[in-house]
Amino acid sequence: MLLWVRELNRCEFLCRTVEDTRNLGRLLGKVSFPGLVVILKGDLGCGKTEFVRGMAVAMGISENEISSPSFNVVHEYDNFVHMDLYRVKGNFEDIGIEEILEDERIKAIEWGEPVLEELEGLPFVVVSCRESEEGRIFEIEDYTGKVCDKLKKLYEGGIDVQNS
C-alpha cells in the first residue's frame, strides 16, 4: 500500500494499431527526463513491449534491440533500462533493483506493480493498457505532474513522432 501523497495527473490515449502504440511510446520517450520510472501494467498482449519499443526509439535505440525481457528480466542500455518482472516472485535484490531505480537512466518496467512501494521520492508514471472495441486504451497516471501535460501538447499538436 502506498503511504505517501502526490499530485496525480491522468491522461488517456486510444491506439488503434501497433504503430499507434509505438508512436505513443515515442511521445513518452520524448518527454521523459533523467531518473523517470515508467511502470507498465495490463493483460498479456496488450502492447506493453510495443510501447517500450517506441520509448527506446525516442532515445536513439533501435526498436529491433527491444524484446520482451521475460527470461532475462533486465536489458540495460546507456540511457535506458527495460525490465520485465512477470516471472520475478518478490525477490528484487537479486536483480539489483534498488541500484537501477536510483540511477539517472530512464526505466521502463513491465509488470512493475510490485515495485511501486519502492518508488517513494522518485519520479514515476504508471501506464495501464486495456482492450476496447476501438483498439487499446493507454491510461497514464502521472505522479510527476509534468508528463501528461507535455504528452497532451505533443499529441494535440500533431507532432510527427516518426520523423522528429
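Me: Happy to start small: which residue in β7 stands opposite cysteine 129?

Reply: Phenylalanine 138 is the residue in β7 that stands opposite cysteine 129. Please keep in mind that this is a predicted model.

Me: What makes β6 and β7 a pair of strands?

Reply: Two strands pair if there are at least two bridges between them. Strand β6 (residues 124–132) and strand β7 (residues 135–142) are joined by 8 bridges, so they count as a pair. The two strands run antiparallel, and a hairpin connects them through 2 residues. Another bridge partnership here is that of glutamate 131 with arginine 136 in β7.

Me: In which sense do β2 and β6 pair, parallel or antiparallel?

Reply: Parallel, over 6 bridges. Cysteine 129 turns up again here, as the bridge partner in β6 of glycine 42.

Me: What is the order of the strands in the open sheet?

Reply: The order is β1-β7-β6-β2-β5-β4-β3, which makes 7 strands with mixed pairing.

Me: Why are β1 and β3 called edge strands?

Reply: Because β1 (9–15) and β3 (74–76) each pair on one side only. From one strand to the next, the twist averages 15°.

Me: Which strands does helix α1 lie across?

Reply: Helix α1 (residues 18–31) lies across β1, β2 (37–42), β6 and β7. The helix runs at about 150° to β1.

Me: Why can Val147, Cys148 and Leu151 be placed on the same side of α4?

Reply: These three residues of helix α4 (residues 147–156) are buried. They cover an arc of only 85° around the axis, and therefore sit on the same side of α4. Lys153 and Glu156, on the other side of the helix, are exposed. The buried residues of α4 pack against β1, α1, β6 and β7.

Me: Why is glutamate 133 called exposed?

Reply: Exposed means over 50% relative accessible area. Glutamate 133 has 87% relative accessibility, so the label applies. Its place is in the loop between β6 and β7. Arginine 16 is 117 residues apart from glutamate 133 in sequence, yet their C-alpha atoms are 9.6 Å apart in space.

Me: Which members of the largest nonpolar core touch the most other members?

Reply: Leu28, Met55, Phe80, Val127 and Leu151, out of 31 residues in that core. At least two core residues come from each of β1, α1, β2, α2 (48–58), β5 (106–110), β6, β7 and α4. Another core, of 19 residues, lies apart from this one and includes Val88, Ile97, Val115 and Leu116.

Me: Which residues is valine 127 in contact with, leaving aside its neighbours within four places in sequence?

Reply: The contacts of valine 127 are Leu28, Val38, Ile39, Leu40, Lys41, Phe51, Phe138, Glu139 and Ile140. Phe138 is also the residue opposite cysteine 129.

Me: What is the average pLDDT of the chain?

Reply: The average is 85, and 84% of the residues score at least 70. Over residues 1–5, however, the pLDDT is below 50, and this stretch has 8 contacts in the model beyond near neighbours in sequence. Residues 160–164 stay under 50 as well, with 9 contacts beyond four places in sequence.

Me: Why be careful with coordinates at low pLDDT?

Reply: Because predicted coordinates should not be read in detail where pLDDT is low. With a pLDDT below 50, residues 1–5 are one such stretch, and residues 160–164, under 50, are another.

Terms used: Residues are numbered from 1 along each chain as its sequence is written. This is a predicted model: local features need pLDDT of at least 70, side-chain atom pairs count only at pLDDT 80 or more; totals for chains, interfaces and linings use all residues. Side-chain values use heavy atoms; hydrogens and water are left out. Helices (H or I, at least four residues) and strands (E, at least two) are DSSP runs, numbered from the N terminus. Axes are lines fitted to C-alpha atoms, for helices over the stretch in contact, and angles run from 0 to 180 degrees between N-to-C directions. Contact means heavy atoms within 4.5 Å. Buried means under 20% relative accessible area, exposed over 50%, partly exposed in between (1.4 Å probe, protein chains only). The arc is that of the directions from the helix axis to the C-beta atoms. pLDDT is the predictor's confidence in each residue, from 0 to 100. A nonpolar core is a set of buried Ala, Val, Leu, Ile, Met, Phe, Trp, Tyr and Cys residues joined through side-chain atoms within 4.5 Å.
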